[in-house]
Amino acid sequence: MTSPADLPREQPVFQISVVAEMVGVHQQTLRSYERLGLVTPARSPGNTRLYSVSDVERVRQVLRLVDELGVNLAGAEVVLHMRAQIEEMRRALARRDAELERARGEIERLRREGAR
């Protein structure tokens, strides 16, 4: 049997009832999170909510912030938004570092060719 960890992170596969059971909340809580923009599940052609592994992880993050840290839902939204911005900055830095490394390699290659 396939575990959630084996699924593509963004592929919508879980119905709301399954997610509610997975994370231990009522389906109405998940609908509330959607209304607040904390999670945005995909919709099937029949308009059924379909959650991805990434969506489930996001719901778990919200629950941790609220239950363990006492953050309200507005605060959870801010924290999640900031985390996303930090992650995007990390990716941008990694891309820049890769570009710098390529440029260093090219400079070194040109130096070697010029020394001949």
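**Notebook: helix packing and a few residues**

I started at the far end of the chain, with Glu113, which lies in helix 4. Helices here are DSSP runs of H or I with at least four residues, strands are E runs of at least two, and both are numbered from the N terminus. Before going on I noted that this is a predicted model, where local features need pLDDT of at least 70, side-chain atom pairs count only at pLDDT 80 or more, and totals for chains, interfaces and linings use all residues. Residues are numbered from 1 along each chain as its sequence is written, and side-chain values use heavy atoms, with hydrogens and water left out.

**Entry: Glu113**

I looked up its exposure. Glu113 has a relative accessible area of 38%, so I put it down as partly exposed. The cut-offs are under 20% for buried, over 50% for exposed and partly exposed in between, with a 1.4 Å probe and protein chains only. I then took a distance to Val53: the two are 60 residues apart along the chain, and their C-alpha atoms are separated by 50 Å.

**Entry: whole chain**

I counted four helices and three strands. Read from the N terminus, the order is β-α-α-β-β-α-α. The radius of gyration is 21 Å, well over the 13 Å that the globule rule gives for 116 residues, so the protein is more spread out than a compact globule. That radius is taken over C-alpha atoms, and the rule is 2.2 Å times the number of residues to the power 0.38. Along the principal axes, the C-alpha atoms fill a box of roughly 70 × 35 × 25 Å. I also noted that 24% of the 116 residues count as buried. Of the contacts between residues at least 6 apart in sequence, 50% join residues at least 24 apart; contact means heavy atoms within 4.5 Å.

**Entry: helix 1 with helix 2**

I checked how these two pack. Their axes are 8 Å apart, at an angle of about 105°. Axes are lines fitted to C-alpha atoms, for helices over the stretch in contact, and angles run from 0 to 180 degrees between N-to-C directions. Helix 1 and helix 2 are therefore roughly perpendicular. The scale I used is under 35 degrees for roughly parallel, over 145 for roughly antiparallel, 65 to 115 for roughly perpendicular and oblique for the rest. On the helix 1 side I found Ile16, Ser17, Val19 and Ala20, and they meet Gln27, Leu30 and Arg31 in helix 2. By class, I get four nonpolar, two polar and one charged. Nonpolar covers Ala, Val, Leu, Ile, Met, Phe, Trp, Tyr, Cys and Pro, charged covers Asp, Glu, Lys and Arg, and the others, Gly among them, are polar.

**Entry: helix 1 with helix 3**

Next I took helix 1 (residues 16-23) against helix 3 (residues 53-67), whose axes come within 11 Å and cross at roughly 45°. That makes helix 1 oblique to helix 3. The crossing is right-handed, meaning the near helix is turned clockwise from the far one by less than a right angle (anticlockwise would be left-handed). Val19, Met22 and Val23 of helix 1 make the contact with Val56, Val59, Arg60 and Leu63 of helix 3. I sorted these as six nonpolar, no polar and one charged.

**Entry: helix 3 with helix 4**

Helix 4 (residues 73-114) packs on helix 3 at about 125°, with the axes 9 Å apart. The pair is therefore oblique, and the crossing is right-handed. From helix 3 I listed Arg58, Gln61, Val62, Leu65 and Val66, and from helix 4 Leu73, Ala76, Val79, Leu80 and Arg83. The classes come to seven nonpolar, one polar and two charged.

**Entry: Val39 and Glu77**

Val39 sits in the loop between helix 2 (27-35) and strand 2 (42-43). Buried or exposed? Val39 has 2% relative accessibility, so it counts as buried. Leaving aside neighbours within four places in sequence, I found Val39 in contact with Leu30, Tyr33, Glu34, Tyr51, Asp55, Arg58 and Val59. Val39 and Glu77 are 38 residues apart in sequence, with 9.6 Å from C-alpha to C-alpha.

Glu77 itself is in helix 4 and counts as partly exposed at 37% relative accessibility. Not counting residues up to four places away, Glu77 touches Leu36 and Leu38. From Glu77 to Tyr33, 44 residues apart along the chain, I noted 9.9 Å between C-alpha atoms.

**Entry: Asn47**

Last, a backbone check. Asn47 is in the loop between strand 2 and strand 3 (49-51). Phi of Asn47 is near 75°, a positive value in a residue other than glycine. For context, most residues other than glycine have a negative phi.
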